[in-house]
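Grab a pencil and have a go at these short exercises. Try each task yourself before you read the solution under it.

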Amino acid sequence: NAQANLPLTGAAPTATVLHNYAADLDGNTGVTGRFLDKSSAGLDERDLQKHQTWLTDPVDSDLVADGDAHLSIWAKMKAPNKNIQLRAFLSECDATTMTCTHFATGEMGVVVGASNTEHQELTLLFDDLATTIDEGNRLLLKVVMVDIADADQAYLAYDTVDHPARLAFGE
């Protein structure tokens, strides 16, 4: 079933099978990945079928985010010949209160006629970061699918050997 705040770690994935990560949202036979519906709320999205979040453990020392960062994640459309555009948000969260402060938005261009048969790697860019996640706080990553013309639901793929999602700072 769909879950908020999946673990965000630096470990390489070892899983070889992509499961249906949200059978409660789309239980159709053969579905793999995390179902994601379109969102017009962006950062404020609260509907779990319209966003996915990942969260680090409290950081052991200050985590400096300086320069550009990239998020690579995999997606395929539910229906053929549809468009996709993802947006991602980075926030620093107090580990005790879970009060979060947004500090960056990652963007990508529209993929026209995205595949509905194969997950394709998508890259989002966070420009010119200049922040520090304080020791003891947590980093939150939130991904939504932008509600654009000819968009449809999609399936995200991550955390497998064949679909390794990655957030990289300073690149």
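**Exercise 1: Strands and helices**

Work out how many helices and strands the protein chain has.

Solution. This is a predicted model, and in it the protein chain has zero helices and 13 strands. Next, read along the sequence: the pattern is β-β-β-β-β-β-β-β-β-β-β-β-β.

**Exercise 2: Overall shape**

Decide how the radius of gyration of the protein chain fits with that of a compact globule.

Solution. Start with the rule: for 171 residues, a compact globule would come out near 16 Å. Now look at the chain, which has 16 Å, so the two agree. For its extent, the C-alpha trace spans about 45 × 30 × 30 Å along the principal axes. Then check the inside: 44% of the 171 residues are buried. Finally, take contacts between residues at least 6 apart in sequence: 77% of them join residues at least 24 apart.

**Exercise 3: The disulfide**

Find which cysteines form a disulfide, and say whether each one is buried, partly exposed or exposed.

Solution. First, recall that a disulfide is a covalent bond between the sulfur atoms of two cysteines. Searching the whole structure turns up one disulfide. Its partners are Cys-93 and Cys-100, with sulfur atoms 2.0 Å apart. Next comes the handedness: the torsion about the S-S bond of Cys-93 and Cys-100 is about 105°, so this disulfide is right-handed. Now for accessibility, where buried means under 20% and exposed means over 50%. Cys-93 has 0% relative accessibility, so it counts as buried. Cys-100 has a relative accessible area of 34%, so it is partly exposed.

Notes:
Residues are numbered from 1 along each chain as its sequence is written. This is a predicted model: local features need pLDDT of at least 70, side-chain atom pairs count only at pLDDT 80 or more; totals for chains, interfaces and linings use all residues. Side-chain values use heavy atoms; hydrogens and water are left out. Helices (H or I, at least four residues) and strands (E, at least two) are DSSP runs, numbered from the N terminus. The radius of gyration is taken over C-alpha atoms; the globule rule is 2.2 Å times the number of residues to the power 0.38. Buried means under 20% relative accessible area, exposed over 50%, partly exposed in between (1.4 Å probe, protein chains only). Contact means heavy atoms within 4.5 Å. A disulfide is a pair of cysteine sulfur atoms within 2.5 Å.
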